[in-house]
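Me: Could you take a close look at one part for me, the ligand site, and walk me through what surrounds the ligand?

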Amino acid sequence: MGGPLTATRTARVGVLGGTFDPIHVGHLAVARAARDQLDLDEVLVIPAARPPHKAGVAMAPAADRMAMVELAVAGEPGLRASRIELDRAGPSWTVDTLEALDAAGDGGGGPAELTLILSADAFAGLPSWREPDRILRLAHVAVAPRPGHDPPSPEALPDELRTLARGIALLDGPYVDVSATDIRRRVAAGLPIDGLVPQAVARYIEEHHLYRQPGPDERPASKRGHHVTDPAEPTTAATTTEQPRRDGLPHRKAAPRSERPPLEVARRIVELAEDKKAADIVLLDLTGLTTLADAFVICSGGSERQLAAIADGVIEGMRDEKVRPIGREGTASSHWVLLDFGAVVVHIFTPPERDYYSLEKHWSEAKTVLRVQ
Ligand code: ATP
């Protein structure tokens, strides 16, 4: 890390933006690697209030994501949480953030030299961001590898951007195979997240009931749970309605609980999964065990395509019966898909992912109502 700043020295400031839903040990490792390898004075960790690329995607409220970032960087030398995007109206464009940081300098009247920190997946998408040329004029770029993604390749930048770049540093590591999606998924499934997020963040998630996807009755129209960010983009939740809030963000209103008993809904879902040749279908009755759901339907699909086909088949079949999911998470390429019907949650896995999550083992106290092999 650099020494104390003097009036004559240009502050070297790293900028790590993201959704941070939630912040995890992978993000922190990237921030530390950039700080140490590039000799930065500080790294600003900046949660996006309204990430433009995630418009319409369900996510925890910005205030919660910010609070978790603050907890995660507390006591970390050279890492600082910044609310710059929360305090600005409109979509959180990176170019605007860099512009504002450039104008603000080091906070003490001196200049700041900015380095935008990206991981390989984000860097690959940079040309499609708003004003990438301006971004490259405002900041150096440092790229971190990300497990599961191709190594960063500055040569892949279009010529006109490559000539503008004032230097692209490739960070040597870290290789931390953690994603926020997986963490949300684990919390929703009632699995531990020890070691994936700092302890204080895990406590925050628990105390604020984030990512739990509770049944509709526990889904208050308050700031808890997930909501969507863009009223123009409908969620997959057809029973969801959105109401404008004072800060311009929509709220997800509690979905009406289906008239039909959860186990009856779950049995119908089992039939629909069977129609799509899902393997090893299990219906667990969770009544009295958790507020997450009353029933889980767990099943396997042999290929990514089959996962999508099972999910689509279940959604279409239930739509015919006027029951719609209030959420869908995961993609076929993530090897799992979760359909949230409120009281009934459907988990569709490829066999290795099913083994990895071992939901049936985790919920061994639940009654197995039905098993179709
Ligand atoms: P999600 O799984 O919800 O998409 P994410 O962690 O990929 O979450 P962000 O929170 O927006 O998304 O991540 C902020 C930045 O950190 C992005 O550039 C992202 O690519 C990067 N990043 C996230 N996880 C890792 C990791 N394990 N290793 C390296 N970079 C990461």
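**Around the ligand**

Reply: Starting with H24, an N or O atom in its side chain sits 3.3 Å from an oxygen atom of the ligand. Over at T19 it's the backbone that does the job: one of its N or O atoms is 2.9 Å from a ligand oxygen. V176 also uses a backbone N or O atom, this time 2.7 Å from a nitrogen atom of the ligand. I'm listing these as polar contacts, meaning pairs of N or O atoms within 3.5 Å; within protein, one must be able to donate a hydrogen and the other to accept it, and residues adjacent in sequence count only if both atoms are side-chain atoms.

On its own the ligand has 600 Å² of accessible area, and the protein covers 89% of that (Shrake-Rupley method, 1.4 Å probe; for residues, only the protein chains shown count as cover).

Keep in mind that this is a predicted model, where local features need pLDDT of at least 70, side-chain atom pairs count only at pLDDT 80 or more, and totals for chains, interfaces and linings use all residues. Residues are numbered from 1 along each chain as its sequence is written, and side-chain values use heavy atoms, with hydrogens and water left out.

Now for the whole shell: 20 residues are around the ligand, and S119, D121, R146, V176 and T181 come nearest (near means a heavy atom within 4 Å). By class, the shell has seven nonpolar, nine polar and four charged residues (Ala, Val, Leu, Ile, Met, Phe, Trp, Tyr, Cys and Pro count as nonpolar, Asp, Glu, Lys and Arg as charged, the others, Gly among them, as polar).
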